[in-house]
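Me: Please take a close look at one part of this structure, the sheets and the helices that lie across them. I am a first-year student, so plain wording would help.

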Amino acid sequence: MMDQQGVQELFHSLDKFSWQEEIRKKEPLANKTSVRVGGPADLFLTVHDLDELTRLFEIIREHQCPWFVLGKGSNLLIQDEGFPGIVIRLAGDFSQVAQVSSRQLVVGAGIANIQASRIAKKNNLSGMEFLTTIPGTMGGAAFMNAGAHGQEMKDIVEWVEFFSETGEVETIRAEYLDFSYRHSRFMQTPGIILKLGLQLQVDHSEAIGKREKEFIMRRKGSQPLDARTWGSVFVNPPGDSSGRLIESCGLKGKGIGQARISPKHANFIENVGGATFQDLLKTVEYAQKEVYRVYGIHLKMEGRIIPELTSKQGK
Ligand SMILES: Cc1cc2nc3c(=O)[nH]c(=O)nc-3n(C[C@H](O)[C@H](O)[C@H](O)COP(=O)(O)OP(=O)(O)OC[C@H]3O[C@@H](n4cnc5c(N)ncnc54)[C@H](O)[C@@H]3O)c2cc1C
């Protein structure tokens, strides 16, 4: 944990260099997440290229500063106290399409899924249709092994360029990424995904567009897309669906404070206006408790809590 003096010292070390974007102090994070909840980051910096990232991590290591990389914040719950350290966002070189070839797309990790899928479609490349319904960046999608409509990142990622905390850049092939249901190696290995090589198939852009539309329509009918949520709250237990379990306990529409279990889909929790992290967490725990009481099944959260809960705060 950094104290205020540590934050000041870190700021002064960073401020000795010029950055393409200003270093922001006490930067609000709630508006950078889809659920619109959470306190500020002590420091916030958007990095545009490898030089900036390398320099930033030299300073982070020197100050032993906690850091966190933010995508679109669509699978995150940020605690009300905010993040005690520096939050990093990728832009510039890291949010572009680097290469398009006959069956491969190379994208920066900071690019939005929707934008990357659009470029694939324009180049008659199929395989990314499922990503049009997943808000977020390609880096966040690889981290979570995001998936929908029977497909997941594991099916299209060929390799990833990865920046480790110690400043090395390595290319890791998919077979070493430990992808499984909403899980990847990145959850255990601190670092930043910089770039992804995606293996796609050739198809007509009209056929790709048609599939995308079907997926979007399906989503609109079943999920609370207009509400402030962070996507699926729980991963599905083997052989069952968390939404079905929560709904069958009669919990739709119920919640704590300004948070409620979505009346449209029980595996979503909505911020109905001014919810705090505690409202969301208590509603998560309420659903877990009820499902455990009725079915003896412990529902496991899918999204990330930042900073992670201490043992005193919860399980
Ligand atoms: C309405 C809605 C619908 C959704 N539907 C789906 C769905 O169908 N399927 C699904 O899987 N998910 C779904 N989600 C959840 C979410 O969109 C995905 O998990 C998404 O991939 C998260 O990407 P992000 O950029 O928003 O990551 P963030 O939420 O910003 O971060 C998530 C994690 O990824 C890490 N991360 C982000 N970028 C990088 C990087 N470059 N390098 C290393 N780590 C990184 C972060 O540090 C964090 O730990 C949905 C969310 C919403 C709000």
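Reply: What follows goes through two sheets, the helices beside them, and then a few details of the backbone. The model is predicted.

Start with the sheet of 4 strands, which is open and has the order E1-E2-E5-E3. Its pairing is mixed. Which strands stand at the edges? They are E1, residues 24-28, and E3, residues 67-70. Each of these has a single partner strand, so one side of each has no neighbour in the sheet. From one strand to the next, the twist averages 45 degrees.

Within this sheet, E1 pairs with E2, which covers residues 40-47. The pairing is antiparallel and runs over 4 bridges. One residue pair can be picked out by name: Pro28 has Pro40 in E2 as its bridge partner.

A helix lies over part of this sheet. H1 lies across E1, E2 and E5, the last of these being residues 83-90. The direction of H1 is at about 15 degrees to that of E2.

H1 also meets another helix. Two packed helices are described by the angle between their axes and the distance between the axes. Here the helices are H1, residues 4-15, and H2, residues 50-63. Their axes come within 10 Å and cross at roughly 150 degrees. That angle makes H1 roughly antiparallel to H2. The crossing of H1 past H2 is right-handed. On the H1 side, the contact is made by Glu9, Leu10, Ser13 and Leu14. On the H2 side, Leu56, Ile59, Glu62 and His63 make the contact. Sorted by type, the residues of this contact are 4 nonpolar, 2 polar and 2 charged.

Now move along the chain to the sheet of 5 strands. This sheet is also open, with the order E6-E7-E13-E11-E12 and antiparallel pairing. E6, residues 97-100, and E12, residues 169-173, are the edge strands. Both have a single partner strand, so one side of each is left without a neighbour in the sheet. The twist averages 15 degrees from one strand to the next.

Inside this sheet, E11 (residues 157-164) and E13 (residues 191-199) are an antiparallel pair with 7 bridges. Ser164 has Gly191 of E13 as its bridge partner. Helix H3, residues 113-122, lies across E6 and E7, and E7 covers residues 104-108. The direction of H3 is at about 155 degrees to that of E7.

A record adds a label to part of the chain. UniProt, in an unreviewed entry, places the feature "domain: FAD-binding PCMH-type" at residues 36-203. In the model, the end C-alpha atoms of residues 36-203 are 38 Å apart. This span is 18% helix and 37% strand.

Two points of the backbone remain. Most residues other than glycine have a negative phi, and most peptide bonds are trans. Asn124, in the loop between H3 and strand E8 (125-126), has a positive phi, near 60 degrees. The peptide bond from Ile306 to Pro307 is cis, and its omega is near -15 degrees. Pro307 lies in the segment after strand E17, which covers residues 304-306.

Notes. Residues numbered from 1 in each chain as written. Predicted model: local features only at pLDDT ≥ 70, side-chain atom pairs only at ≥ 80, totals over all residues. Heavy atoms only, no water. Axes fitted to C-alpha atoms, helices over the stretch in contact; angles between N-to-C directions. Helix = DSSP H or I, 4+ residues; strand = E, 2+ residues; numbered from the N terminus. Parallel < 35°, antiparallel > 145°, perpendicular 65-115°, else oblique. Left-handed = near helix turned anticlockwise from the far one by under 90°. Contact = heavy atoms within 4.5 Å. Nonpolar A, V, L, I, M, F, W, Y, C, P; charged D, E, K, R; others polar. Pairing = 2+ DSSP bridges. UniProt positions renumbered as here; feature names shortened; annotations may be inferred.
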